[in-house]
Amino acid sequence: MSSRLQRCEGPDLLPERQYRAVRAATEALAAPLSSEDCQVQSMPDASPVKWHLAHTSWFFETFLLTPLLRGYRPVDPAYSVLFNSYYVGVGERHPRGRRGLLTRPSLEDVYAYRRHVDAAMAEMMACVPAASWRNRVELGLHHEQQHQELILMDIQHALSCNPLQPAYRAGEAAHGDGAPTQWVGVPGGLYEIGHDGNGFAFDNEAPRHRVWLERFEIADRLVTAGDYLRFIEAGGYRSPQLWLSDGWAAVEADGWAAPLYWREGGDGWTCFSLEGRKPVDPSVPLLHVSYYEADAFARWAGCRLPTEAEWEVAAGQSRLRQCDDRAWQWTASPYVAYPGYVPATGAIGEYNGKFMVNQFVLRGGSPATPPGHSRPSYRNFYPPSARWAFSGIRLARG
């Protein structure tokens, strides 16, 4: 493909530099892993690292190269099925829960696929008018950054299933600041939420609209592992009155007794992280709890979870600590469309809108979120039972 690269007059090099930086960051995340690590799929909700590497290339190939670059030839037509995630409008898809069975193409073939796509993207950005591709390239880069976090989520889960409990990387986990909780009061009134139009945003962050909020208070810091240990020791997982019905059913069916990756032994509680299994540090923000657990803890603490509007208003006032780099924070808000929301036309419109059911919104960002990827209006979302995301708790009251 690189032999077809043409020299054009006055190309805008900034998007190409951004493209290369994001693509390189993805491969850097996979660099510590063996080919066997990249192949494994530990549960249907997770995907092999190899699949993430291929799918993020499939996105650019499908939505940019095929429609815009004249003469573009895919590496293998089968990839259009194997690496399609959920875009029904594009065509057939390999079953999500069976991605770990894709031993072919090999990891080496997938890296060759990435190089093929990267060379073609360089050609397209050099020679095709930027108005035709700029917005979609930006969407593709933010899409790939989402998969960078998914790579870390999914490989942590996979490695946790290994009896050897191997670490993804060496080093110490982050420590908490030890500061006590301060409650931030926010007056009731009419506020605007949603993306303000400056810079990139996903379509589910718009349109900006007004919401009425009653006066409330929100914790300036996240719930810590030590806070949650007290909930466990107080019998939180044995007290059905604290739980939503579906949450208590999950506790009983799946045997929940602690956050995901926690284990109690002779030396106390330990937690498996990307740095391997280590003693639970009571000062660090809690991670890997479901919406059900977050809601039960809030009820036990005499508080509640904030709505996403409350969270965004408080975050926009720059009064929250640990806002966007320690944990995605469950809110009490179901993931639904904003008033006036209209999804994009065509298959790209499947990106967000069709998932607006049976999910809850999380706000903020985590240690695995790429720098600059999050913003106060960002709406992450997961089913209420999900625990493998880097999810935590911020309390509200009033």
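How many bridges pair β5 and strand β6 (residues 268-273), and in which sense? Four bridges join β5 and β6, and the pairing is antiparallel. The close-ups below start from there, and please keep in mind that this is a predicted model.

**View 1. Three strands, β5-β6-β7, form an open sheet with antiparallel pairing.** The edge positions belong to β5 (262-265) and β7 (276-279); each has a single partner strand, so one side of each is left without a neighbour in the sheet. On average, neighbouring strands here are turned by 30° against each other, direction ignored. To find your way between β5 and β6, look for Trp-262, whose bridge partner in β6 is Cys-271. As background, the strands of a sheet pair through backbone hydrogen bonds, either parallel or antiparallel.

**View 2. Thr-270 sits in strand β6.** Its side chain reaches the side chain of Arg-277 in a polar contact of 3.0 Å. Setting aside neighbours within four places in sequence, Thr-270 touches Tyr-261, Trp-262 and Arg-263, and also Arg-277, Lys-278, Pro-279 and Val-280. Trp-262 thus appears here as a contact of Thr-270 and in the previous view as the bridge partner of Cys-271.

**View 3. Helix α3 (residues 49-68) meets helix α6 (residues 134-160), with axes that come within 9 Å.** The crossing angle is roughly 170°; angles over 145 degrees count as roughly antiparallel, and α3 and α6 are therefore roughly antiparallel to each other. Residues to pick out on the α3 side include Trp-51, His-52, His-55, Phe-59, Phe-60 and Phe-63. Facing them from α6 are, among others, Arg-136, His-143, Glu-144, His-147, Leu-150 and Asp-154. Sorted by class, this contact holds 12 nonpolar, six polar and three charged residues.

**View 4. Helix α7 (residues 225-233) packs with helix α9 (residues 291-300) at an angle of about 80°.** Their axes are 11 Å apart, and the angle makes α7 roughly perpendicular to α9. From α7, the contact takes in Asp-227, Tyr-228, Arg-230 and Phe-231, while α9 supplies Glu-293, Ala-296, Phe-297 and Trp-300. The class count comes to five nonpolar, no polar and three charged residues.

**View 5. Residues 181-318 are listed by UniProt, in an unreviewed entry, as "domain: Sulfatase-modifying factor enzyme-like".** Over this stretch the chain is 28% helix and 23% strand. The C-alpha atoms at the two ends of residues 181-318 are 16 Å apart.

Definitions and conventions. Residues are numbered from 1 along each chain as its sequence is written. This is a predicted model: local features need pLDDT of at least 70, side-chain atom pairs count only at pLDDT 80 or more; totals for chains, interfaces and linings use all residues. Side-chain values use heavy atoms; hydrogens and water are left out. Two strands pair if DSSP finds at least two bridges between them. Axes are lines fitted to C-alpha atoms, for helices over the stretch in contact, and angles run from 0 to 180 degrees between N-to-C directions. Angles under 35 degrees count as roughly parallel, over 145 as roughly antiparallel, 65 to 115 as roughly perpendicular and the rest as oblique. Contact means heavy atoms within 4.5 Å. Ala, Val, Leu, Ile, Met, Phe, Trp, Tyr, Cys and Pro count as nonpolar, Asp, Glu, Lys and Arg as charged, and the others, Gly among them, as polar. UniProt positions are given in the numbering used here, feature names are shortened, and annotations may be inferred rather than shown by experiment. A polar contact is a pair of N or O atoms within 3.5 Å; within protein, one must be able to donate a hydrogen and the other to accept it, and residues adjacent in sequence count only if both atoms are side-chain atoms.
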